[in-house]
Amino acid sequence: MSASANVEVNIKDCANADPEKLAVFEQHVAEGGLVEPNDWMPEAYRTLMLRMAEHHANSEIVGALPEGEWITRAPSLLRKLALTAKVQDEVGHGQMLYEVAQDLGKTRNAMLRDLITGVTKYHNCFNYPCPTWGDICMIAWLIDGAAILNQGTLAHGSFGPYIRTMRRINMEEAFHFKHGEDMVLTLMSGTDKQKQLAQDAFDRWWDPSLAFFGPNDRPDERERPAMRWRMKTATNNELRQKFVNRFAPAAMATGLVINVCKKDASGMVISKEPDPLLKLNEETGNWDFTQPDWDEFFRVIRGDGPCNKDRLALRRFSYEQGEWVRRAILDGATTAPSDH
Amino acid sequence: MQELDQQFHNPIVNVLLCVADDKLFLGHKNSDWTGLAPILEADIAFSSLSQDDIAHASAFYELIQTITGQNPDQIAFSRNANEYLCADIVTKDDSFNWANAIARQFYCNVYEYYRLQRLSTASWTPLASLAKRIFAEQVIHVDHVTSWIKHLGKGSGDSNSRMQQALDTYAPFASMLFEAPEGIETLFEGKIISDDGCMFTEWKEHVDQVTNEAGLKATVAPVSGVGGRRGSHGAEFKESLCELQEVFSTDPLAAW
C-alpha cells in the first residue's frame, strides 16, 4: 500500500536564496515547469522534497509489513500470489523512491538507519492493527484507494523524478485497488461469517482512511512551501472529501455500514454507532461525515499507537539480520549481485 | 488431452503432488521474506522467485485436476498433513537467516532442475509440455541462487562461514528430496517417465561444482528412509501447513 507524505514542513528559510534565481524558479514552477535534480532550486525546496520522498519511501517499506504478515495465510492460490505480488510492489516502490531521495543528497543506508532509529517517520496508517484476513481486504481497498487519490494529485507536482516515479507507482496502485475491491466484494457476497469479517475490519479501517490525508487544512495551506512550489497540488481536506464522496456510497452499496467507533489502546473497536452525520449534502454535492478521532491520530503520530513499536521493531530486526549480507557483497554499493 | 491409462493414475498423481507440494511450500516459505530481505533489490527478486514457485505449483495442481477432477485450491489447501508429499527441506525453518534461505533454495532449485528435465521427456505429453515450460524458468532460479552462493561464499570470511553452516544444516534434509514417490516404478516400467536412477549423482556433481567454486562444501550423502514423499512429516512442516490453512479452514467451502 502506498502512502505519500504528509510531511510536516516548517521551512520559512528562503532568506538565503538568491532573490532573482528564486523568482525565476517560482515562476517556472507556477507555470507548470518541472524541476530536475541538477537544476538550481532553493535549499528549502531540496530539503522538503528529500523529506517527502524519504517519508514516502519509508512508508512503502513499513507498509509492506502488516500485509506481509498475511502472505503465508492467504486463503487461495490466487490470493496468495496476488498478495505476495502486491507487497513486492510496495518494496519496489520503496526502492524507486529511495533512489529519488538519494539523488537529492542522502544515501539509502542513511535513510534506512534513520528509519529504524526513529529519526524519520513513515505514514501513520501503518501503526494500526491488522488482526484478520478482512483487514487485508480493507487495507487494499481503502488505504490503496486513498493512496491513489492522493498520489494522483502528487503526479502533477513539480519535481521531475518524483512525479515520474509517482506515475509508475500509480499504475500499480490501480491494480492493488482492484485486487482490494475484488476481495471486499468476495467477502460481502459470501457467507454471514465473511460479511461480519469484512464489517469488523471496515470499522477498524474507516477512521485511519479518513485520517490518511493528514490533519485538517490550515488557513494558509496554499501559501505554505509544499503547495506554493507545487509539491502538493491538493489540500488534505479536498482529498478527504473526495475520498468520502467515492467510498461512502461504494461501501454502502456492498452492504457495509459506516460507523463511528470507539477503540481501545490496541486499536480494537469497543463500541460503535452508525455515523449520524453521514448523508449526501444536496447543497454542496458532497457527502457529510463525522471527522476521524483526531486526538487518537495525534497520539499515534507521537508514537503511542497500537503497532508503532511492533512495526519499527520488525523493520529493525530485518535491517540488523541483513547487515552481514550487505557487508559481504555490497561493499558500499547499493545493488544486489546480478551476475554469477 | 492425451489420455493416460487408468493404471498410471495414482502413481502419476503422486509424482505430480511431489512437484506441486515442493513448489507450493518452498514458495510459501520464501514469500515470507517479502519486505524483510537484506537488500531491497534482493527482496524483489526473491519474491518473484516465490511467486514463480507458487504459480508452478498451481499449474501442477491443475494438471492433477485433469485426472482427479479436484479443484486446485482444494488440493492445495484442504488435505491432511500425511497427504502432502513434499520433502521436509522445503519447510525447514530459516529463522530469517538469509544464509539458511539461500542454502534451502540452492539444494531445492538444483534438484528441481534435474527433476523437471526428466519430466520434460515424459511420454504423457501434458506433463512433458508443462515440465518443459517450467524448466525454462527453473534455469533462472538456479542461476539466481548460484549467484548468491558464489557471492556469499567468496564475499568475506564471515559470509563464507555463515553460508557453510547453512549448507551443513540443510544437507541431511536435502538428501530426502530423493526419496522415491510411491508407485514410481510403475511409471518407469510403463515408460511414462524415464528412470531417474542417476539423478542424485548428477545433482551432487552440480552442487559440488558450485560450492567448490564458492569456497564451500556440501556434504550430502544419499539416504534411505521414509519421509515427506510418503506423507511422513516433521513438526516444521505441520506448522507451515497450519499457517497455510489458517484462513481457508475457517470455511473450506467459501469463496475467498
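**Local backbone, helix packing and chain contact in a predicted two-chain model**

Arg230(A) is buried, as 20 other C-beta atoms lie within 10 Å. This count satisfies the criterion for burial, because a residue is classed as buried if 20 or more other C-beta atoms lie within that distance. The structure described here is a predicted model. In chain A, Arg230(A) occupies the loop that runs between helix 8 (225–228) and helix 9 (236–254). Although Arg230(A) is not a glycine, its phi is positive, at about 60 degrees.

A positive phi is also found in chain B, where Lys191(B), again not a glycine, has a value of about 55 degrees. Lys191(B) is placed in the loop between helix 7 (184–189) and helix 8 (199–213) of chain B. Its surroundings contain 10 C-beta neighbours inside 10 Å, and Lys191(B) therefore counts as exposed, given that a residue with 12 or fewer is assigned to that class.

Confidence was considered for the model and for each chain. The model has an ipTM of 0.96 and a pTM of 0.94. The average pLDDT of chain A is 92, and 92% of the residues score at least 70. For chain B the mean pLDDT is 96, with 99% of its residues reaching 70 or more. Over residues 332–340 of chain A, pLDDT remains under 50, and the model contains 15 contacts beyond four places in sequence for this segment. Where pLDDT is low, predicted coordinates should not be read in detail.

The two chains touch through 42 residues of chain A and 47 residues of chain B. On the chain A side, at least two residues each are supplied by helix 2 (43–68), helix 3 (77–103), helix 7 (192–211), helix 11 (308–321) and helix 12 (323–329). The most is given by helix 3 of chain A, which provides twelve residues. Divided by class, the side of chain A that touches chain B comprises 18 nonpolar, 17 polar and seven charged residues.

Helix 11 of chain A also packs within its own chain. Its partner there is helix 4 (residues 108–116) of chain A; the axes of this pair are 9 Å apart, and the packing angle is about 140 degrees. The angle makes helix 4 of chain A oblique to helix 11 of chain A, since the roughly antiparallel class is reserved for angles over 145 degrees. The crossing of these two helices is left-handed. Helix 4 of chain A contributes Leu112(A), Leu115(A) and Ile116(A), which meet Leu312(A), Arg315(A), Arg316(A) and Tyr319(A) of helix 11 of chain A. The contact has five nonpolar and two charged residues, and no polar ones.

The loop between helix 4 and helix 5 (133–154) of chain A holds Cys125(A). Cys125(A) counts as buried, with 25 C-beta neighbours inside 10 Å. Along the chain, Cys125(A) and Pro208(A) are 83 residues apart, yet their C-alpha atoms are separated by 5.8 Å.

In chain B, helix 1 (residues 9–31) and helix 4 (residues 98–119) have axes that come within 12 Å and cross at roughly 155 degrees. Helix 1 of chain B and helix 4 of chain B are therefore roughly antiparallel to each other. Their crossing is left-handed. Val19(B), Asp22(B), Leu26(B) and Asn30(B) of helix 1 of chain B make this contact with Ala101(B), Gln105(B), Cys108(B) and Arg115(B) of helix 4 of chain B. Four nonpolar, two polar and two charged residues take part.

A second helix pair of chain B is formed by helix 5 (residues 125–155) and helix 6, whose axes come within 5 Å and cross at roughly 125 degrees. Helix 5 of chain B is thereby oblique to helix 6 of chain B. The residues in contact are Ile149(B), Leu152(B), Gly153(B) and Gly155(B) of helix 5 of chain B, together with Ser159(B), Asn160(B) and Met163(B) of helix 6 of chain B. By class, three of these residues are nonpolar and four are polar, with no charged residue.

Helix 6 (residues 157–175) of chain B also includes Ser161(B). Ser161(B) is exposed, with 12 other C-beta atoms within 10 Å. Between Ser161(B) and Gly215(B), which are 54 residues apart in sequence, the distance from C-alpha to C-alpha is 9.9 Å.

Key: Residues are numbered from 1 along each chain as its sequence is written. Chains are lettered from A and ligands numbered from 1 in the order in which they are written. This is a predicted model: local features need pLDDT of at least 70, side-chain atom pairs count only at pLDDT 80 or more; totals for chains, interfaces and linings use all residues. Two residues are in contact if their C-beta atoms, placed from the backbone, lie within 7 Å. Helices (H or I, at least four residues) and strands (E, at least two) are DSSP runs, numbered from the N terminus. Ala, Val, Leu, Ile, Met, Phe, Trp, Tyr, Cys and Pro count as nonpolar, Asp, Glu, Lys and Arg as charged, and the others, Gly among them, as polar. Axes are lines fitted to C-alpha atoms, for helices over the stretch in contact, and angles run from 0 to 180 degrees between N-to-C directions. Angles under 35 degrees count as roughly parallel, over 145 as roughly antiparallel, 65 to 115 as roughly perpendicular and the rest as oblique. A crossing is left-handed if the near helix is turned anticlockwise from the far one by less than a right angle, and right-handed if clockwise. pLDDT is the predictor's confidence in each residue, from 0 to 100.
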